[in-house]
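Me: I want to test the labels on this one against their cut-offs. Let's start with the ligand site and then turn to the pocket.

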Amino acid sequence: MQTTSPRIGSLQLDNPIFLAPMAGITSLPYRRIMKHFGAALVFTEMVSANGLIRDGRKTRELLISCKEEMPLGIQLFGDDPQILAEATRMIADECTLLDINMGCPVKKVIRSGAGSALLKDPQRIGRIIAQVRAAYSGPLTIKIRSGWDTDRVNFLDIGRIAEAEGADAVTLHPRTRVVKPSAAQRTGHRSAS
Ligand SMILES: Cc1cc2nc3c(=O)[nH]c(=O)nc-3n(C[C@H](O)[C@H](O)[C@H](O)COP(=O)(O)O)c2cc1C
């Protein structure tokens with residue numbers, strides 16, 4: 001079977017199979033198993049930029065790695081361009097690729113202005129990418145959703161901003177954060193099957 005070998009920035013990958021970042025799942029042992037079964041690129045779960053700059057022990061533990069799992073994508077989350085850039089400088093030597101989470105739907109994360117809350121503020125996304133890009137010369141990606149809700153599907157705009165500010169690729173999770181009920185669902189109407 002013929003497979004493509006994608007390139008992200010300066011990173012040439014063996015195949016197009018990537019392990020998605022998953023909180024509570026993509027631990028070092030899990031990543032190594034996926035690597036063993038052929039994933040070309042594995043990701044940590046999302047790691048708090050605030051936690052890193054506060055030197056949180058639990059946050060640091062999420063970054064425990066080994067050379068067998070390389071290339072490794074580290075995913076950071078946060079809302080403040082400066083803090084994200086500072087956290088990036090702290091971990092720059094530990095990752096092959098840096099990804100920024102802009103799609104997490106968890107309420108606690110959204111309340112802090114991070115994750116998918118960023119989809120409502122594309123200008124902030126631009127500032128984040130610009131500052132992180134200035135702090136990190138390796139492959140840089142963002143992971144987004146299609147938009148905040150079905151009235152604000154803005155992944156194309158965000159993609160253009162990401163490209164202009166120096167991101168090397170965008171991962172799209174093609175769902176909005178908020179799924180509004182359809183008119184039929186709102187009125188309780190059920191179509192005959
Ligand atoms: C348990 C779990 C944890 C996740 N954690 C993260 C995460 O830390 N960072 C991230 O970008 N996406 C995370 N995701 C989303 C996945 O990376 C992926 O985009 C998503 O699961 C694929 O779409 P679907 O599950 O809606 O079909 C998580 C998903 C699951 C199921």
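Reply: A residue counts as near a molecule if one of its heavy atoms lies within 4 Å of it. The model is predicted. By that cut-off the ligand is surrounded by A20, P21, M22, A23, M46, Q75, N101, K143, H173 and R175.

Me: What makes the pair between K143 and the ligand a polar contact?

Reply: A polar contact is a pair of N or O atoms within 3.5 Å. A polar side-chain atom of K143 lies 2.8 Å from a ligand oxygen. The pair therefore qualifies.

Me: How do you know that the backbones of A23 and M46 make polar contacts with the ligand?

Reply: The limit is again 3.5 Å. For A23, a backbone N or O atom sits 2.7 Å from a ligand nitrogen. For M46, a backbone N or O atom sits 3.2 Å from a ligand oxygen. Both pairs therefore count. Taken alone, the ligand exposes 600 Å², and the protein buries 60% of that.

Me: How does the shell around the ligand divide by class?

Reply: It has 5 nonpolar, 3 polar and 2 charged residues. K143 is in the shell, and Lys counts as charged.

Me: Now the largest pocket. What makes M46 a lining residue there?

Reply: Lining residues have an atom within 4 Å of a pocket point. M46 is among the 13 that line the largest pocket, and one of the closest to its centre, with S48, F77, K108 and V109. The space there is about 280 Å³.

Me: Which elements give two or more residues to that lining?

Reply: Strand 3 (42–48) and helix 5 (107–111). Strand 3 gives the largest share, 4 residues.

Conventions: Residues numbered from 1 in each chain as written. Predicted model: local features only at pLDDT ≥ 70, side-chain atom pairs only at ≥ 80, totals over all residues. Heavy atoms only, no water. Polar contact = N/O pair within 3.5 Å; in protein donor to acceptor, adjacent residues only side chain to side chain. Areas by Shrake-Rupley, 256 points an atom, 1.4 Å probe, with all protein chains shown as cover. 1 Å grid on protein atoms, 1.4 Å probe; cavity = no way out; pocket = protein on both sides within 12 Å on 5 of 7 lines; lining within 4 Å. Points joined across faces, edges and corners; volume = space filled by probe spheres on them.
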